[in-house]
Amino acid sequence: MKNIVVVGTQWGDEGKGKVVDLLAPAFDIVARYQGGHNAGHTVIVGDRKFILRLIPSGILRDTGTCVLGNGVVVDAQAFLDEVDGLEALGIEVQGRLLVSNRAHLILPHYRSVERVSEERRGDDRVGTTMRGIGPAYEQKTGRRGIRVGDALNPERLRATLKSSRDEAATWLEGSEPELSDAALDAFLEAAVKLAPFVVDTGRFLNDAVDDGKRVLLEGAQGTMLDVDHGSYPFVTSSSSTAGGACTGTGLPPTRVSGALGIAKAYTTRVGAGPFPTELLDDRGRHLQDRGQEFGSVTGRPRRTGWFDVPVARYSARINGLTSLALTKLDVLDELDSVSVCVEYRTADGPCDSIPSSIKDYERVEPILEHMDGWRTSTRGISKLEDLPAAARAYVDALSSLVGVEIGLISTGPERDETIVVPGGRVAAWAEN
Ligand code: GDP
């Protein structure tokens with residue numbers, strides 16, 4: 001059994017899309033386990049660039065099935081638009097894409113609820129993407145959500161939708177919810193079109209594993225954005241860590257044998273919240289420019305900083321990482337020196353873990369170690385022995401500081417700009 005979870009180890013945007021795309025040929029099924037259409041995986045194939053918001057990047061390969069598990073929240077129209085976009089580019093989708101009947105629907109008025117909710121928080125706003133994803137999870141946990149399977153019965157869906165809208169209208173206290181009767185009809189029309197994709201994906205996945213098929217479980221966002229383990233309350237509304245892969249798909253922990261963490265060779269974060277290694281100077285802007293650190297869905301610039309070992313170690317622990325994929329090494333190519341945060345400094349002395357209180361986390365300072373830069377291009381290098389010595393030393397230092405092997409190093413956005421470390425776990429997983 002070689003089913004694995006691929007998880008972001010930082011604050012998201014680590015390059016999970018590229019790594020999943022690389023590993024997908026060795027797996028029969030790629031299943032997404034949480035999040036909504038705000039993920040924005042960017043994958044570059046030749047001269048074509050795909051931005052996948054909801055559908056797993058495994059869909060770009062010729063074979064295999066992709067699953068949106070029960071832990072995902074689905075905006076029916078956004079889903080259909082993404083399917084249309086992929087088909088327009090010649091990618092076969094029908095029959096290769098399944099949506100869980102237990103996934104929850106994002107209703108049109110959730111966007112108004114999210115906007116007003118953020119406005120009411122004032123300076124404490126989270127910086128969400130305004131796609132109704134947070135409210136969909138709130139409704140789910142509040143036991144008022146509507147599941148994808150309910151869309152198979154349009155009359156029942158219409159009645160539930162109306163009561164949900166009325167409830168939202170009370171909460172919004174006069175701010176108009178985006179659910180006119182016309183919007184309601186449009187939503188129903190889209191939701192009904194989901195029907196051909198909808199199955200009991202928990203059963204599908206377990207039956208597939210019984211038949212000897214291999215499943216790759218793909219998370220969105222990253223460990224520090226997990227609703228339980230992340231930098232709460234500046235987090236997403238779902239469980240992006242490896243544990244969420246089981247609750248979000250119905251594949252039990254006993255059927256998952258490894259966890260691959262994706263980490264950038266530096267750190268980025270979108271939106272508000274603590275970021276101990278943040279660089280607010282020219283070096284930060286340099287990383288932003290070279291790394292093209294702008295959100296692929298929102299266009300928002302990402303904050304940038306040095307690699308944070310306490311975050312990576314925390315992530316290794318919470319996710320039980322068996323291997324790490326280090327991405328965007330090439331972005332550091334021009335720096336004279338690179339720094340790594342090895343511990344945090346706090347008023348009570350050094351600390352090597354993540355404080356649970358956001359107030360405490362906001363006050364930590366990074367303890368940095370400095371290493372020589374390599375000042376030569378690593379872009380496109382695909383053999384470990386071709387890395388410049390200083391870059392190799394940097395990679396080895398990160399691996400030993402985090403305590404996890406680095407099984408893959410990404411040296412550019414393209415598929416072949418990748419080093420799969422010989423003898424490592426990723427090399428084994430990538431074997432058919
Ligand atoms: P994801 O959501 O974790 O898949 O991350 P994103 O797709 O939002 O961000 C990763 C971005 O970095 C994408 O634009 C990728 O094409 C790009 N990328 C991935 N790996 C590398 C790499 O090794 N080097 C460079 N320069 N860009 C990369």
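Which residue in β10 is the bridge partner of V6? In this predicted model, the bridge partner of V6 in β10 is E218, and that pairing is a useful place to begin a description of strand β1 and its surroundings.

**Strand β1 and its partners**

Strand β1 covers residues 4-8, and because five of its five residues are buried, the strand is largely enclosed by the rest of the structure. The covering applies to both faces, with I4, V6 and G8 buried on one side and V5 and V7 buried on the other. In general, the side chains of a regular strand alternate between the two faces of the sheet. Two strands pair with β1, and the table sets out how each of them does so.

| Partner of β1 | Residues | Sense | Bridges | A bridge pair |
|---|---|---|---|---|
| β11 | 258-264 | parallel | five | V7 with G261 |
| β10 | 215-218 | parallel | three | V6 with E218 |

**Q221 in the loop after β10**

The loop between β10 and α8 (242-247) contains Q221, a residue that is buried, with a relative accessible area of 10%; it counts as buried because that value lies under 20%. The side chain of Q221 makes a polar contact with the side chain of Q34, at 3.2 Å. Leaving aside neighbours within four places in sequence, Q221 is in contact with several residues, including G8, G12, E14, K16, Q34 and G35, and also N38, A39, T236 and S240. One of these contacts, G8, is also among the buried residues of β1.

**Helix α10**

Helix α10, which spans residues 309-319, is mostly covered, since eight of its 11 residues are buried. The buried residues are V309, P310, V311, A312, Y314, S315, A316 and N319. At the N-terminal end of α10, D308 acts as a cap, with a side-chain oxygen lying 3.1 Å from the backbone nitrogen of V311, which is itself one of the buried residues of the helix. After α10 comes G320, whose phi is positive, near 60°.

**The cavity**

The structure holds one cavity of 30 Å³ or more, and the largest cavity has a volume of about 40 Å³. The lining of the largest cavity is formed by A24, F27, D28, I29, V30, G58, T63, G64, T65 and C66, and these residues divide into five nonpolar, four polar and one charged. Strands β2 (29-32) and β5 (65-68) each supply at least two residues of this lining.

How values were computed
Residues numbered from 1 in each chain as written. Predicted model: local features only at pLDDT ≥ 70, side-chain atom pairs only at ≥ 80, totals over all residues. Heavy atoms only, no water. 1 Å grid on protein atoms, 1.4 Å probe; cavity = no way out; pocket = protein on both sides within 12 Å on 5 of 7 lines; lining within 4 Å. Points joined across faces, edges and corners; volume = space filled by probe spheres on them. Helix = DSSP H or I, 4+ residues; strand = E, 2+ residues; numbered from the N terminus. Nonpolar A, V, L, I, M, F, W, Y, C, P; charged D, E, K, R; others polar. Buried < 20%, exposed > 50% of the residue type's maximum accessible area, 1.4 Å probe, protein only. Pairing = 2+ DSSP bridges. Polar contact = N/O pair within 3.5 Å; in protein donor to acceptor, adjacent residues only side chain to side chain. Contact = heavy atoms within 4.5 Å.
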